[in-house]
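Here are my notes, in the order I would go through them at the screen. Have the coordinates open while you read.

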Number of protein chains: 2
Amino acid sequence: MSYQNIEKVKYMIGVDVGGTSVKLGLFSEDGELYEKWSVKTQVFGGGERLMEDIKAAILAKLEENKIALSHVTGIGMGVPGSVDAKGIVIHAPNIGWRNFDAAASLSQKIGLPVFLENDANLAALGEWAAGSGKGKSSMVFLTLGTGIGGAVILDGKLISGFHGGAGELGHMTVNLDETKECNCGKRGCLEQYSSATGIANLAKRYMEEEKQGYEMSLLFSFEEVTAKEVFDCVKQKDALAIQIAEEFGERLGHALALTASVIDPQIFIIGGGVSMAGPVLLDFVKKYYVNFVYTTGKETEFAIASLGNDAGIYGGMHLVAQNFNLA
Amino acid sequence: MSYQNIEKVKYMIGVDVGGTSVKLGLFSEDGELYEKWSVKTQVFGGGERLMEDIKAAILAKLEENKIALSHVTGIGMGVPGSVDAKGIVIHAPNIGWRNFDAAASLSQKIGLPVFLENDANLAALGEWAAGSGKGKSSMVFLTLGTGIGGAVILDGKLISGFHGGAGELGHMTVNLDETKECNCGKRGCLEQYSSATGIANLAKRYMEEEKQGYEMSLLFSFEEVTAKEVFDCVKQKDALAIQIAEEFGERLGHALALTASVIDPQIFIIGGGVSMAGPVLLDFVKKYYVNFVYTTGKETEFAIASLGNDAGIYGGMHLVAQNFNLA
């Protein structure tokens with residue numbers, strides 16, 4: 001990595017604010033990642049304090065690389081919370097923000113244009129610009145983590161929805177017979193089966209209810225069974241783990257087929273912690289998807305997200321590029 | 001209606017090709033409907049013959065009103081079938097077309113620009129431009145007829161989907177326990193409960209299975225029970241008819257809540273024959289919708305389509321306006 005041509009190039013910065021750390025990326029104006037780094041998320045002190053920290057982190061990195069602030073086109077930032085149409089963070093529970101205009105705050109402090117998005121949306125933009133969605137005309141992105149986040153991109157534009165609820169696939173009702181409540185207060189939400197938490201709950205249920213005939217399951221050898229153990233055991237052809245993966249896949253396949261009926265995307269991209277299981281996960285989803293989906297959706301593509309934890313900073317970069325018509 | 005200012009104004013024409021008749025509308029360039037008329041759909045003779053008939057119908061009307069062809073900006077036409085991205089009619093079973101470039105055919109014959117859309121999409125565009133969707137930023141339009149057609153409009157643009165399947169809400173799987181097959185070969189599709197045919201089938205089932213206690217139902221006094229009789233009896237507080245309407249509303253409310261999770265529109269608009277029942281129909285849908293939908297979709301608006309059979313010609317007008325940047 002070299003900055004000899006520093007006078008000739010311009011840079012963009014992606015910032016991904018998470019509950020424990022803030023990830024940052026320095027990009028060329030062509031979208032190439034030069035360097036990435038992270039700083040601790042200091043929740044104490046509120047939003048203004050965190051924006052000071054981010055400003056300091058950016059200025060230090062620019063200084064280190066002898067890049068003048070005037071060579072930075074702008075900053076694209078993601079936050080873990082709901083963002084309204086004007087870019088105000090309405091509520092970000094993990095970092096304790098309410099009605100905070102983070103973009104204006106950082107922009108004022110650092111003297112650069114700042115563009116803001118919800119973090120799941122930003123990760124989707126990143127995958128679209130530089131990951132598994134590159135070159136696709138439309139995509140639906142799902143992050144299977146503690147919960148399920150989602151985003152819809154048509155022709156490179158995020159669809160936010162009239163009330164900001166587009167892509168909230170985690171709360172699609174896919175099981176009318178469910179008796180347990182989802183965190184949202186409804187019953188039978190996708191999140192109850194196909195998030196990391198959902199898979200762990202499925203594992204618990206199957207391990208309690210389906211013991212007979214499955215005493216030899218590898219799952220019983222773990223102290224705690226998370227989505228990782230389930231898919232590790234699936235790879236070893238463990239029959240009980242496969243049953244759990246089947247229900248995970250059936251619920252998710254159903255939800256994605258429903259999604260295809262609405263917007264018929266070119267590709268579905270699965271990211272988040274659960275997606276670390278790799279392509280085996282897609283096999284369980286696709287087999288049910290093709291049965292649930294209408295004719296027009298049979299050939300829709302599926303992929304695992306390819307940028308991992310860097311999706312957010314790539315999305316931040318793309319947000320800047322988009323706003324300056326560089327993308 | 002007067003055409004004195006004929007030299008100063010320009011016109012647009014909307015054409016809605018149906019299985020039994022072709023509806024036509026003459027519009028001002030401001031989108032005002034001057035006159036509408038219809039001609040019989042002559043299926044015999046194929047697409048070229050029907051395009052000749054449409055040309056003749058248009059020329060006669062222009063002649064009658066002393067409007068020169070050069071004062072017509074263009075024609076927007078809807079056809080009852082699948083249309084690909086290039087505007088070719090892939091298959092229109094009711095009128096026997098396969099791979100017919102209807103727009104090129106009519107355009108060549110009459111010497112005007114012709115724009116083509118699937119008829120359900122065109123009706124949606126009409127409702128958006130001049131009906132219940134006027135002024136809305138995004139809408140989902142559903143036609144409840146023999147089957148269920150649908151369309152998604154975001155910022156005035158139809159979302160067609162990568163494989164042309166966007167808005168195919170009729171085949172969303174809303175009942176995992178269904179044993180009967182839908183026409184599409186799947187089981188538990190929305191169309192099996194909430195189309196005109198679906199409601200008639202529900203009526204049949206409820207009238208067979210739920211006789212006890214409902215012997216006095218008005219429904220038993222009809223020779224044939226269609227959606228119309230069901231909602232007529234609902235208005236008279238017939239308990240059995242209300243049960244049928246509840247299931248109709250629960251299935252449709254569920255499907256629309258799922259739809260809201262994907263694109264979160266500003267408004268849902270219900271059209272088609274079943275919508276003739278009026279606002280009472282929406283009551284049954286909304287009460288289930290709010291229970292199924294995620295927080296962000298609770299305030300989404302609902303309306304009955306307001307243009308009736310004219311939606312298609314209004315949509316044709318809008319298609320012309322859109323293509324000439326008049327809208």
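The points below go through salt bridges, one helix, one sheet and the cysteines.

1. Ground rules before anything else. This is a predicted model, where local features need pLDDT of at least 70 and side-chain atom pairs count only at pLDDT 80 or more, while totals for chains, interfaces and linings use all residues. Residues are numbered from 1 along each chain as its sequence is written, chains are lettered from A and ligands numbered from 1 in the order in which they are written, and side-chain values use heavy atoms, with hydrogens and water left out.

2. Salt bridges overall. Side chains of opposite charge can pair when their charged atoms come close. Taking a salt bridge as a side-chain nitrogen of Lys or Arg within 4 Å of a carboxyl oxygen of Asp or Glu, the count is 24 over all chains.

3. Start with A:Lys61 and A:Glu35, whose closest N and O atoms are 2.8 Å apart in a salt bridge. A:Lys61 sits in helix α1 (residues 46–64) of chain A and A:Glu35 in strand β3 (residues 33–40) of chain A, so this pair ties together parts 26 residues apart in sequence. (Helices, H or I with at least four residues, and strands, E with at least two, are DSSP runs numbered from the N terminus.) Buried or exposed, A:Lys61 and A:Glu35? Both are buried, where buried is under 20% relative accessible area, exposed over 50% and partly exposed in between, with a 1.4 Å probe and protein chains only.

4. Helix α1 has another link worth a look: A:Lys109 and A:Glu52 form a salt bridge at 3.7 Å, N to O. A:Lys109 belongs to helix α2 (residues 102–110) of chain A and A:Glu52 to α1 of chain A, so the pair ties together parts that are 57 residues apart in sequence. A:Lys109 is partly exposed at 22% relative accessibility, and A:Glu52 is partly exposed at 37%.

5. Over in helix α7 of chain A, A:Glu247 and A:Arg251 are four residues apart, about one helical turn. Their salt bridge has its closest N and O atoms 3.2 Å apart. A:Glu247 is buried at 8% relative accessible area, and A:Arg251 is buried at 12%. Salt bridges with shared partners join A:Arg205, A:Glu209, A:Glu247 and A:Arg251 into one network.

6. Now helix α6 (residues 227–235) of chain A. Its buried residues are A:Ala227, A:Glu229, A:Val230, A:Phe231, A:Cys233 and A:Val234. What covers them includes α5 (196–209), α7 (239–263) and α8 (280–292) of chain A. Just after α6(A), A:Lys237 has a positive phi of about 60 degrees.

7. A small sheet to check: which order do its strands take? The order is β5-β6-β7 in chain A, an open sheet of three strands with antiparallel pairing. Strands pair if DSSP finds at least two bridges between them. The edges are β5 (82–83) and β7 (97–100), each pairing on one side only. Three bridges join β6 (residues 89–92) to β7(A), and A:Ala92 stands opposite A:Trp97 in β7(A).

8. Last, the cysteines. With a disulfide defined as a pair of cysteine sulfur atoms within 2.5 Å, there are zero over all chains. The sulfur of A:Cys182 is 3.8 Å from its closest cysteine sulfur, in A:Cys184, too far for a bond. In chain B, B:Cys182 is in no disulfide either, with the sulfur of B:Cys184 nearest at 3.8 Å. A:Cys182 is buried at 6% relative accessibility, and B:Cys182 is buried with a relative accessible area of 6%.

Methods:
Contact means heavy atoms within 4.5 Å.
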